[in-house]
Every structure is written in C-alpha cells, then in structure tokens.
Amino acid sequence: MPVIGVLALQGDVREHVLALEEAGADAKPVRRLAEIEAVDGLVIPGGESTTLWKLATAFELMDPLSKLIAGGLPAFGSCAGMIMLADRLQDGVQGQQTFGGIDMTVRRNAFGRQVDSFERDITLRDDEYGEPFHAVFIRAPWVERAGPDVDVLAEDNGRIIAVRHGALLATAFHPELTQDRRIHKLFTQIVKGSS
C-alpha cells in the first residue's frame, strides 16, 4: 500500500487524507521535510496559492520540494496545488514562486472570485466508467497553455482543467470535496507505478 502525504500547510488536508484512504492508500498529513521525504507521493491541496508559497518559504520547503518533484516524487495538486505544480504562472502576486514540474502556464482565479465558485459535471478523458465527474470549482485556476508532453485529462468550455505529466497530476477543481474517488484512485495508481 503506497504511503501518500498531504502537505499540511493549509487547505483541504483532512478531506484529501480521507479520499486517499478510500482510494486504497495509507495517507497522512506532512509538513516537515523529513516527513515528506518518507512518503511515496505527495498531495498539494487546494487553498490559496500565495499563502502556500509563503508558508512553504517560511518552513524552508520551497527548494527541497521543487527538487523532490523534479527528481520524480509523484505529486497531485488540486486548485491551488495545480498552481504550485505549474512551471509558469499568470496573474500571480509579484515574486510568487511555484514548485513547478508540469510544463504549463496556469492563470490564478481564472474562473473568478470566491462568489463566482460553482459546481458542474465534467467528462474525464479516457475514463473507464464513462460517467460525469461532479467537479467543485472554488476561485479556480485554469491552464492557459500546456506543453506538448502534458496529457489533458479534462476541459470545461474549452478551458483545460485537469492534466497529467508523468507522475504529476493536477486539477483546477476539488475532487476531495465529492464522494467520487476516481481522481484519488488515479493518483494512487500513479504512486504505485512509480514505486
């Protein structure tokens, strides 16, 4: 059973831990480098990307996490986590950094402000079930541009909202806030395949 850490700086930590456990992983919150180095995969939860960046800097995790991800640590980012896995950021605050790893440009708050949050059924590409996925978008980003080696897993009205690049997975929406565990099962399989 893969051990997957959920970066516990802020955001939907508890919800991701539960979703991962239901998807067949041994999941736990992690916030120190030694804890992160001991897991097989890492989830970067939704929350607020500027806050994640500032807290990761304060905990001296920015460079080490960037190196771990570049070195092959499987990672999944939802919403703000998607922003943190992007190589390039649009509409970030001045000086904002990301962990990087996915060849994509992500636009922060692309769907609007908090009051513009919404839920909608989406279609996941190559999904064996073929059923819509009920997605929750909260001040969500979208992918402005994905590199040629990035697999687009879902779009909403022509906007890229889910991608995979090797052992890295990112969604603009919050799958942890639904009962549908397909995204967490996919990430658990990615981690198992990388071990």
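The side chains of Glu-155 and Arg-125 meet in a salt bridge, with N and O 2.2 Å apart. Glu-155 sits in strand S10 (residues 151–156) and Arg-125 in the loop between strands S7 (118–122) and S8, so this pair ties together parts 30 residues apart in sequence. The model is predicted. A search of the whole structure finds seven salt bridges and three aromatic pairs.

**Salt bridges**

- Glu-155 is partly exposed, with a relative accessible area of 33%.
- Its partner Arg-125 also counts as partly exposed, at 41% relative accessibility.
- Another salt bridge joins Asp-103 and Arg-88, whose closest N and O atoms are 2.8 Å apart.
- That pair links distant parts of the chain: Asp-103 belongs to strand S6 (residues 102–107), Arg-88 to strand S5 (residues 86–90), and 15 residues separate them.
- Asp-103 has 24% relative accessibility, so it counts as partly exposed.
- Arg-88 has 30% relative accessibility, so it too counts as partly exposed.
- Asp-180 bridges to Arg-182, with the closest N and O atoms 2.5 Å apart.
- Arg-182 is buried, because its relative accessible area of 11% is under 20%.
- Arg-88, Asp-103 and Arg-145 are joined into one network by salt bridges that share partners.

**A buried acid without a salt bridge**

- Asp-12 is placed in the loop between strand S1 (3–7) and helix H1 (13–22).
- Asp-12 is buried, yet it has no salt bridge.
- The nearest side chain of opposite charge is that of Arg-14, 7.6 Å away. A salt bridge needs the atoms within 4 Å, so this pair does not qualify.
- The side chain of Asp-12 does make a polar contact with the side chain of His-174, at 3.2 Å.
- Beyond its neighbours within four places in sequence, Asp-12 is in contact with Pro-45, Gly-46, His-174, Glu-176 and Leu-177.

**Aromatic groups**

- Phe-133 and Phe-173 have ring centres 5.6 Å apart and planes at 50°, so the pair is tilted.
- This pair links distant parts of the chain, 40 residues apart: Phe-133 is in strand S8 (residues 133–137), and Phe-173 is in the loop between strand S12 (168–171) and helix H6 (182–194).
- Both Phe-133 and Phe-173 are buried.
- Phe-133, Phe-137 and Phe-173 form one aromatic cluster.

**The nonpolar core**

- The largest nonpolar core has 61 residues.
- Touching the most other members are Leu-7, Ile-44, Phe-99, Met-104, Ile-122, Phe-173 and Phe-187.
- Helix H5 (residues 80–85) supplies the largest share of this core, five residues.
- Leaving aside neighbours within four places in sequence, Ile-44 is in contact with residues including Leu-7, Leu-52, Ile-69, Phe-76, Met-84, Leu-85 and Phe-99.

**Around Arg-164**

- Arg-164 is found in strand S11 (residues 159–165).
- Its relative accessibility is 29%, so Arg-164 counts as partly exposed.
- A polar atom of the Arg-164 side chain lies 2.8 Å from the backbone oxygen of Gly-166.
- Not counting residues up to four places away in sequence, Arg-164 touches Asp-149, Val-150, Asp-151, Leu-153, Leu-169, Leu-186 and Ile-190.
- The C-alpha atoms of Arg-164 and Phe-76 are separated by 9.0 Å, although the two residues are 88 residues apart along the chain.

Terms used. Residues numbered from 1 in each chain as written. Predicted model: local features only at pLDDT ≥ 70, side-chain atom pairs only at ≥ 80, totals over all residues. Heavy atoms only, no water. Helix = DSSP H or I, 4+ residues; strand = E, 2+ residues; numbered from the N terminus. Buried < 20%, exposed > 50% of the residue type's maximum accessible area, 1.4 Å probe, protein only. Contact = heavy atoms within 4.5 Å. Polar contact = N/O pair within 3.5 Å; in protein donor to acceptor, adjacent residues only side chain to side chain. Core = buried A, V, L, I, M, F, W, Y, C linked by side-chain atoms within 4.5 Å. Lys, Arg positive; Asp, Glu negative; His and termini not counted. Phe/Tyr/Trp six-rings, centres within 6.5 Å; stacked < 30°, edge-to-face > 60°.
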